[in-house]
Amino acid sequence: FDSKYQTLKFTRPKECKDCPLAHDSLCQKVYKIRITTDLRRYTAPARGSKAWQSIFKERTAVERVIGYLKEYFQLNNIRYRTGKRAKAHFDLITLVYNASKLACDRINLELLTAQRAA
């Protein structure tokens, strides 16, 4: 990603070194694409890069929790229009979710230690 010009730089793979066109302009060519041409297709950091993969792992973990809250804790069915009541509803839901996850983790830990002791 080139922050000065807001472009992504792509190159051909290193396997192209052995091809017969290595000295031609086709191999190892650098392509520059502006992010603003299509924000959904060209992202910063570029898809497939290590930075993108780490961000994607974090994002999928967060989306998994949000989907779980919407499905099982009725977060998609908030009936309050004002900010304070909706925030209180959201805070209660996340409190119950965190408490249930903590309880599950502690029960699993006890079961695991009981199995190892037996």
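**Strand 1, two helices and their aromatic pairs**

Apart from neighbours within four places in sequence, Thr7 contacts Phe1, Asp2, Ile33 and Arg34. These contacts are read from a predicted model. Thr7 belongs to strand 1, which covers residues 7-11. The relative accessible area of Thr7 is 7%. Buried means under 20%, so Thr7 is buried.

Helix 1 covers residues 50-72. At 1.5 Å a residue, its 23 residues should span 33 Å. The C-alpha atoms at its ends are 33 Å apart, so the expected and computed spans agree. Just after helix 1, Gln74 adopts a positive phi of about 55°.

Aromatic rings were then examined. A search of the whole structure returned five aromatic pairs. One of them joins Trp52 and Phe56. Their ring centres lie 5.0 Å apart, with 20° between the planes. Planes under 30 degrees apart count as stacked, so the pair of Trp52 and Phe56 is stacked. Both residues lie in helix 1. Four residues separate Trp52 from Phe56, about one turn of the helix. Trp52 has a relative accessible area of 24% and is partly exposed. Phe56, at 40% relative accessibility, also counts as partly exposed.

Tyr68 and Phe73 form a further aromatic pair. Here the centre-to-centre distance is 6.0 Å and the angle between the planes is 55°. An angle that is neither under 30 nor over 60 degrees counts as tilted, so the pair of Tyr68 and Phe73 is tilted. Tyr68 is partly exposed, at 39% relative accessibility. Phe73 is partly exposed as well, with a relative accessible area of 22%. Tyr68 and Phe73 belong to a cluster. Ring pairs link these two residues with Tyr72 and Tyr97.

Helix 2 covers residues 83-117. Its 35 residues, at 1.5 Å each, should span 51 Å. The end C-alpha atoms of helix 2 are 51 Å apart, so expectation and model agree. The buried residues of helix 2 are Ala86, Ile93, Thr94 and Tyr97. These buried residues pack against helix 1. Tyr97 is thus named twice: among the buried residues of helix 2, and in the ring cluster with Tyr68, Tyr72 and Phe73.

Terms used. Residues are numbered from 1 along each chain as its sequence is written. This is a predicted model: local features need pLDDT of at least 70, side-chain atom pairs count only at pLDDT 80 or more; totals for chains, interfaces and linings use all residues. Side-chain values use heavy atoms; hydrogens and water are left out. Helices (H or I, at least four residues) and strands (E, at least two) are DSSP runs, numbered from the N terminus. The expected span of a helix is 1.5 Å times one less than its number of residues. Rings of Phe, Tyr and Trp (its six-membered ring) pair if their centres lie within 6.5 Å; planes under 30 degrees apart count as stacked, over 60 as edge-to-face and the rest as tilted. Buried means under 20% relative accessible area, exposed over 50%, partly exposed in between (1.4 Å probe, protein chains only). Contact means heavy atoms within 4.5 Å.
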